[in-house]
There are 2 protein chains.
Amino acid sequence: MDLPLGYLFRGLDDDQLKRIAAVAREVSMENGEQICREEEEAKDLYILKTGAVELMTKVENDVELPISILQSPGDIFGSGVLIAPYLYSLTARCAGTGILFRIEGSALQKLMGEDRDLGCIIMTNLAGHFFARLKESRQEIKIHFNTLLRSYR
Amino acid sequence: MDLPLGYLFRGLDDDQLKRIAAVAREVSMENGEQICREEEEAKDLYILKTGAVELMTKVENDVELPISILQSPGDIFGSGVLIAPYLYSLTARCAGTGILFRIEGSALQKLMGEDRDLGCIIMTNLAGHFFARLKESRQEIKIHFNTLLRSYR
């Protein structure tokens, strides 16, 4: 099985990628289906093969704030499986019928423990990804701040 | 030299901590002094020993938005040394005369390459740290969003 190469697996060699593909399972998803929910225990990592997935966070009551839409093969969500306390940080919902690869967090952790190079590459990629998202998120806060500044001038 | 134990070095054993302490240098900082600047090449990682450091981001023209104040021994900044493209993401300014430990990024990368366990632990800690900051940052956006929601009701 060929996994689409998302940010998390960049820099891994063919043998390492094969070991990861060996623990991945293809699952189909239907439009509107909830795949994982914010704050729940993170058990699986997901990689998009086809279709689209919307990531959201709960704001208040039943209002959800969209964070991003994943629609490129290799896009990843559920990375809470790799970070204590192992919770999903966002809710994921299918926004376009398609196929996902699902990898059990425990299986991935086992591979990372057996091959520390693999573990180090994945955690470096993950840190880089969060760092980039953090900069984006701060950028949004700056925009709000600028709007506020201008309204006081 | 005893390094105060910040989030980045949690889970390392005594021998690993000694190797890191061996490449750390103590430097003093004066109130108001700029230690590193947003967007510049990240060469050094800093660990607070005493005093306080304010982290900021440039909003527009000369306006800076404060992001956080570090004042606990072991607080770390300059983690851009560990993430490509190796730039500082924030400006750091001394907000209380004190002492820092400075570690050259290249020396830390060398230790991480020689001991993959050490590298894996540090990158896991770093990913966890960014993940927590990202959640905080999204929380701020939620607050803005809620305020906006209420103003339309």
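A residue counts as buried when its relative accessible area is under 20%, as exposed when it is over 50%, and as partly exposed in between. The views below show a predicted model.

**View 1. Chain A as a whole.** By that cut-off, 48% of the 153 residues of chain A are buried. Chain A holds three helices and six strands, and from the N terminus these elements follow the order α-β-β-β-β-β-β-α-α. Along the principal axes, the C-alpha atoms of chain A fill a box of roughly 60 × 35 × 25 Å. Among the contacts in chain A with a separation of 6 or more, 76% come from residues 24 or more positions apart.

**View 2. The two chains and their relation.** A turn of 180° with a shift of 0.0 Å along the axis lays chain B on chain A with an RMSD of 0.0 Å. The two copies are therefore related as by a two-fold rotation axis. Both copies use the same surface, in that 100% of the contact residues of chain B recur in chain A.

**View 3. The contact between chain B and chain A.** Chain B contributes 39 residues to the contact and chain A contributes 39 residues. Between them the chains bury about 3,800 Å², of which 67% is on carbon and sulfur atoms. On the chain B side, the residues that lose the most area to chain A are B:Arg116, B:Phe131 and B:Arg138, which together make up 16% of what that side buries.

**View 4. Helix α3 of chain A.** Helix α3 of chain A covers residues 116–151. Its 36 residues, at 1.5 Å a residue, should span 52 Å, and the end C-alpha atoms are 52 Å apart, so the expected and computed values agree. At the start of α3(A), the backbone nitrogen of A:Asp117 has a side-chain oxygen of A:Asp115 within 3.1 Å.

**View 5. A:Asp115, before helix α3 of chain A.** A:Asp115 sits in the loop between α2 (105–114) and α3 of chain A. With a relative accessible area of 13%, A:Asp115 falls under the 20% cut-off and is therefore buried. Apart from neighbours within four places in sequence, A:Asp115 is in contact with A:Gln16 and A:Arg19. Polar contacts join the side chain of A:Asp115 to that of A:Gln16 at 3.1 Å and to that of A:Arg19 at 3.2 Å. The side chain of A:Asp115 also supplies the oxygen that reaches to within 3.1 Å of the backbone nitrogen of A:Asp117.

**View 6. B:Arg19 in helix α1 of chain B.** B:Arg19 belongs to helix α1 (residues 14–22) of chain B. Its relative accessibility of 28% lies between the 20% and 50% cut-offs, so B:Arg19 counts as partly exposed. Two polar contacts are shown for the side chain of B:Arg19: one of 2.8 Å to the side chain of B:Asp15 and one of 3.2 Å to the side chain of B:Asp115. Beyond four places in sequence, B:Arg19 is in contact with B:Leu111, B:Asp115 and B:Leu118. B:Thr147 is 128 residues from B:Arg19 along the chain, and their C-alpha atoms are separated by 49 Å.

**View 7. B:Glu38 and its surroundings.** B:Glu38 is placed in the loop between β2 (34–36) and β3 (44–60) of chain B. At 14% relative accessibility, under the 20% cut-off, B:Glu38 therefore counts as buried. A polar atom of the B:Glu38 side chain lies 2.8 Å from the backbone nitrogen of B:Lys58. Residues up to four places away in sequence aside, B:Glu38 touches A:Lys142 of chain A. In chain B, B:Glu38 touches B:Met56, B:Thr57, B:Lys58, B:Tyr88, B:Ser89, B:Leu90 and B:Thr91, with the same residues set aside.

**View 8. The β3–β4 hairpin in each chain.** In chain A, strand β3 (residues 44–60) pairs with strand β4 (residues 63–70) in the antiparallel sense over seven bridges. A:Val53 stands opposite A:Leu70 of β4(A). Two residues lie between β3(A) and β4(A) in this hairpin, and A:Asn61 in the turn has a positive phi of about 45°. In chain B, β3(B) and β4(B) also pair in the antiparallel sense over seven bridges. There, B:Leu55 has B:Ser68 as its bridge partner in β4(B). The hairpin of β3(B) and β4(B) has two residues between the strands, with B:Asn61 in the turn at a positive phi of about 45°.

Definitions and conventions: Residues numbered from 1 in each chain as written. Chains lettered and ligands numbered in written order. Predicted model: local features only at pLDDT ≥ 70, side-chain atom pairs only at ≥ 80, totals over all residues. Heavy atoms only, no water. Least-squares fit on C-alpha atoms with pLDDT ≥ 70 in both. Contact = heavy atoms within 4.5 Å. Helix = DSSP H or I, 4+ residues; strand = E, 2+ residues; numbered from the N terminus. Expected span 1.5 Å × (residues − 1). Polar contact = N/O pair within 3.5 Å; in protein donor to acceptor, adjacent residues only side chain to side chain. Pairing = 2+ DSSP bridges. Buried < 20%, exposed > 50% of the residue type's maximum accessible area, 1.4 Å probe, protein only. Buried area = accessible area lost by both parts, 1.4 Å probe.
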